[in-house]
Amino acid sequence: MVTLSREDIVRLCERVEGAQTRAYAIPKLTDEYPNMTMADGYAIQTELRRRFIEQGHALIGWKAGLTSRAKMQQMGVEVPSIGFLTDRMARPESSSITVSDLVHPRVECEVAFVTKADLSGPGCTAEQVLAATDYVLPAIEIIDSRFSGFKFDLESVVADNGSSARFVSGGRARYPDELDLRTLGVVLEKNGEIVEMGAAAEVLGHPAEAVAMLVNILHDLGETLPAGSFVMSGGITAAVAVQPGDHINARFQELGSISIRFEQ
């Protein structure tokens, strides 16, 4: 249930927008509003999305966060969170990401879905997601918590659009029925050293399950997932901190690899 007033939602949205666009840290929102609910967090995120679209950003898709069972247990939640993706967050493969535009940058590997049919809740299933998927491809998400001292809670993270910052997709697009997405392996290298390994089953047992949950959360927000959406299904690996000079390479079984560099 939304407990914040419209004035509070707008004020907190402005706080989050300032931190995102000017790259500075803010205290977590629940410091001031300890009774803030998840619905309040999504109300702030929705206001942020409205503002960005008003400013000329194009909504191109969504992302799921907190999609590993361990992470959900750690945060005390039963469903993942979601955030929106705009065209201005996208970066080309092999590009340089400017770190000074970010507060606490980290990278994680994900499987991205591109849809060919509309999806809606409630009750959306992984099977429906796979049937509505045009192709899947590998992605690296650059997440950025804007909260001071890297202290945050789920309500504040949702308001901050799930720490969304940048993303890079590339590699080799494949039809989902050509792959066993559950066992798909990924290796994340930082400066030539392997720092994380995992299989896509880390994401709710199957990445399509995460997309189905995302569609059902969208339903709760009065939204659907249109055909042509780009959806990141959540981190397969733990998020790895990066700094200027770092080179990241993510190698996905069957889907090729993606490289990015970080500069000041």
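**Salt bridges, strands and core in a predicted model**

This is a predicted model, and the salt-bridge count for it comes to 19.

Colleague: Which residues are linked with Glu 47 and Arg 51 in a network of salt bridges?
Modeller: Start with the pair itself: the side chains of Glu 47 and Arg 51 meet in a salt bridge, 3.4 Å from N to O. They sit four residues apart in helix H2, so about one helical turn separates them. The others linked with them in the network are Arg 6, Glu 14, Glu 17, Arg 50 and Glu 54.

Colleague: Is Glu 47 buried or exposed?
Modeller: The cut-off for buried is under 20% relative accessible area. Arg 51, at 15%, counts as buried. Glu 47 has 3% relative accessibility, so Glu 47 counts as buried.

Colleague: How many residues apart in sequence are the parts that Asp 160 and Arg 146 tie together?
Modeller: Asp 160 forms a salt bridge with Arg 146, with the closest N and O atoms 3.1 Å apart. Asp 160 is in the loop between H5 and E7, while Arg 146 is in the loop between E6 and H5, so the parts they tie together are apart in sequence by 14 residues.

Colleague: And how far apart in sequence are the parts tied together by Asp 246 and Lys 190?
Modeller: Here the closest N and O atoms of the salt bridge are 3.8 Å apart. Asp 246 belongs to the loop between strands E11 and E12, and Lys 190 to strand E8, so the pair ties together parts whose separation in sequence is 56 residues.

Colleague: Which residue stands opposite Glu 141 in E7?
Modeller: Strand E6 is largely enclosed by the rest of the structure, because ten of its twelve residues are buried. With E5, strand E6 pairs in the antiparallel sense over eleven bridges, and Cys 109 stands opposite Ile 140 there. E6 and E7 also pair in the antiparallel sense, over five bridges. In that pairing, the residue opposite Glu 141 is Phe 167.

Colleague: What span should helix H1 have?
Modeller: H1 runs over residues 6–22, and the rise is 1.5 Å a residue. Its end C-alpha atoms lie 24 Å apart, which agrees with the expected span of 24 Å.

Colleague: Which helix gives the largest share of the largest nonpolar core?
Modeller: That core has 78 residues, and Leu 29, Ile 44, Val 107, Phe 113 and Phe 262 touch the most other members. The largest share is eight residues, and they come from helix H6.

How values were computed
Residues numbered from 1 in each chain as written. Predicted model: local features only at pLDDT ≥ 70, side-chain atom pairs only at ≥ 80, totals over all residues. Heavy atoms only, no water. Buried < 20%, exposed > 50% of the residue type's maximum accessible area, 1.4 Å probe, protein only. Helix = DSSP H or I, 4+ residues; strand = E, 2+ residues; numbered from the N terminus. Pairing = 2+ DSSP bridges. Expected span 1.5 Å × (residues − 1). Core = buried A, V, L, I, M, F, W, Y, C linked by side-chain atoms within 4.5 Å. Salt bridge = Lys/Arg side-chain N within 4 Å of Asp/Glu carboxyl O.
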